Amino acid sequence: MSVSDEDLDWGLHFIVGTWQIDYLVNFFSNDLAHIPAKKFKSDDGRDFSSITFEFFEDHKLIMKESSSGKQEEGTWEQTGSYEFHYTLNNFFDVPESETLNQAETLSVTDGMLTFTLGFLAIAMKKIAEGKITELPDIGEMESDPTMTDIIGDYEIAKTLYYPVDSDNYKTKDEAFAILDAQKASGDIDAETYEFYKSNLMMSFNKRVEFTKEGKVNLWQIDDGILDEFRESAGEEAINEAIKAGDIGVKDGYICMYEESKEWKAVDGVYYFNTMEGDDECSDYKKSPWKKIKFTDDGFMELSWMMADWYLKKL
C-alpha cells in the first residue's frame, strides 16, 4: 500500500515516543471487557504493564519488559494511513506464522496502538513523547529562483468527479460519456444529470496559472460573471477592482485574485500552499505546503479545495 507524504509525517509524530500496554481484551470472554494490564497476569505472575515499546525517528525501536529486565531492539515502518509494522527478535517467543505477523502489526484505534497476540487484543497508550528533528517549514524557506519550468498556464486535462468515477481521473469526453451512460441506464434522473453536467462543465472551464512571482491563480471562463457584477455594483466598481488588482480579466477568462495561492521550489521540488489549517481535533501541526507531484505521462497533480485535477501545460 502506498502511504502519502502527509500520512508519513503524521505517523512519525504519532508513534515516536514510549508506549505502555494499558489494557487487554480476551476474545473468548463473554463481554469483551477491557482488562487493565496490571490485572492480567502471565503464567509466572508478571503483569503486562511492565512491557513498553519505545519508537525512534530513525525507525528503530526498543521493547522492554521491566520486571525481568528483558530487552530487544528492532525496527518499525508505517505500512498504511493508520497502520505500522515492527520487527523484533521474537520477543513474545512466537514462531514464524500469521500469529506473529498479527502480533507485529500495530493499528491506531482511538489514539491507542493495538495489536493481537493469539486470543488477546492488546492496547497501548503513549506515556512519553520522543525526540523528532523538526525541519523548517517550506513556508519559512526561500524559493529557488532558478527553478522556473513550472511557470505558465495549465488546462484541466482530467478530473476526479463523483458520480462519474471517483477512483480514476477522467478527461472531459470520458467523464461526459460515463455521465450520459448513467442517465441512459436510469442510474441518475434528468435533474441530477443536469446538476452534475453543470458542475463538470465548471470544472473543465477553468485554467491554472503559475506566475514568476510565486502565485497560483485560478481562472474560469467568464460566463456572464462580469455582467452580473456590473448589474449589482456598476461599471465603475468593476473597473476599479480590475485596476486595483482584485479581479483579472483576459482571453474570456476571469480571476478573483483573493482566491490565489502560492508556489515555491525548494531543494529541487515544487510545493503548493493549500492554505489548509491544522485539524482542530488534533495537536498535530501539519504544513499547508504540499509537494507537487507529476505523473509518468507528464500531468501535474493538483488539488484545489475539494477538486482533484490532472493539469496539462498549454
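Which loop holds L32, counting by the strands on either side? L32 lies in the loop between β1 and β2, the latter being the short strand at 35-36. Keep that spot in mind, since we'll come back to its backbone. One thing to say up front: what you're looking at is a predicted model.

Let's start with the whole thing. The protein's secondary structure comes to 6 helices and 21 strands. Its radius of gyration is 27 Å, well over the 20 Å that the globule rule gives for 314 residues, so the protein is more spread out than a compact globule. If you draw a box along the principal axes, the C-alpha atoms fill roughly 85 × 55 × 40 Å. Burial is at 40% of the 314 residues. As for who touches whom, take the contacts between residues at least 6 apart in sequence: 54% of them join residues at least 24 apart.

Now the surface and the charges. About 18,500 Å² of the protein is exposed, and carbon and sulfur atoms supply 49% of that area. The charge count is 31 positive and 65 negative side chains, yet the centres of the two sets lie 2 Å apart.

On to the inside. In soluble globular proteins, nonpolar side chains tend to be buried together. Here, the largest nonpolar core has 30 residues, and I15, F53, F55, W76 and L113 are the ones with the most contacts inside it. Plenty of elements chip in: α1 (5-15), β1 (17-26), β3 (51-55), β4 (60-65), β6 (83-87), β7 (105-109), β8 (112-117) and β9 (120-129) each supply at least two residues. The largest share, 4 residues, comes from α1.

That helix deserves a closer look. Within α1, the buried residues are W10, G11, L12, F14 and I15. An α-helix has 3.6 residues a turn, so residues three or four places apart point the same way. Just after α1 ends, G17 takes a positive phi of about 140°.

L113 is a handy place to see how the parts of this core meet. Setting aside neighbours within four places in sequence, L113 is in contact with F14, I15 and W19, with F55 and F84, with L106, S107 and V108, and with I122, A123 and M124. Apart from this core lies another, of 28 residues, which includes F176, A265, W304 and L311.

L311 gives us a way into strand β10 (152-161), because Y154 lies in that strand and counts as buried at 4% relative accessibility. Leaving out residues up to four places away in sequence, Y154 touches D149, R207, V208, F210, M300, L311, K312, K313 and L314. For a feel of the distances across the model, try Y154 and E72: they are 82 residues apart in sequence, and their C-alpha atoms are 54 Å apart in space.

Sequence separation can go along with a short distance too. D144 lies in the loop between β9 and β10, and A265 is 121 residues away from D144 along the chain, but their C-alpha atoms are separated by 5.3 Å. A265 is also one of the residues of the 28-residue core. D144 has a relative accessible area of 27%, so it counts as partly exposed. Another loop residue to look at is D251, found between β14 (247-250) and β15 (253-256). At 69% relative accessibility, D251 counts as exposed. The C-alpha atoms of D251 and D222 are separated by 9.3 Å, with the two positions 29 residues apart along the chain.

That leaves the backbone details. Most residues other than glycine have a negative phi, and most peptide bonds are trans. Back to L32, then: this residue is not a glycine, yet its phi is positive, at about 50°. L32 is partly exposed, with a relative accessible area of 44%. M275 is another non-glycine residue with a positive phi, near 65°. You'll find M275 in the loop between β17 (269-273) and β18 (289-291), and at 52% relative accessibility it counts as exposed.

Which peptide bond is cis, with omega near 10°? The bond from Y162 to P163 is. P163 lies in the loop between β10 and β11 (165-170), so start from Y154 in β10 and follow the chain onward to reach that loop.

Methods
Residues numbered from 1 in each chain as written. Predicted model: local features only at pLDDT ≥ 70, side-chain atom pairs only at ≥ 80, totals over all residues. Heavy atoms only, no water. Rg over C-alpha atoms; globule rule 2.2 N^0.38 Å. Buried < 20%, exposed > 50% of the residue type's maximum accessible area, 1.4 Å probe, protein only. Contact = heavy atoms within 4.5 Å. Areas by Shrake-Rupley, 256 points an atom, 1.4 Å probe, with all protein chains shown as cover. Lys, Arg positive; Asp, Glu negative; His and termini not counted. Charge placed at Lys NZ, Arg CZ, Asp CG, Glu CD. Core = buried A, V, L, I, M, F, W, Y, C linked by side-chain atoms within 4.5 Å.
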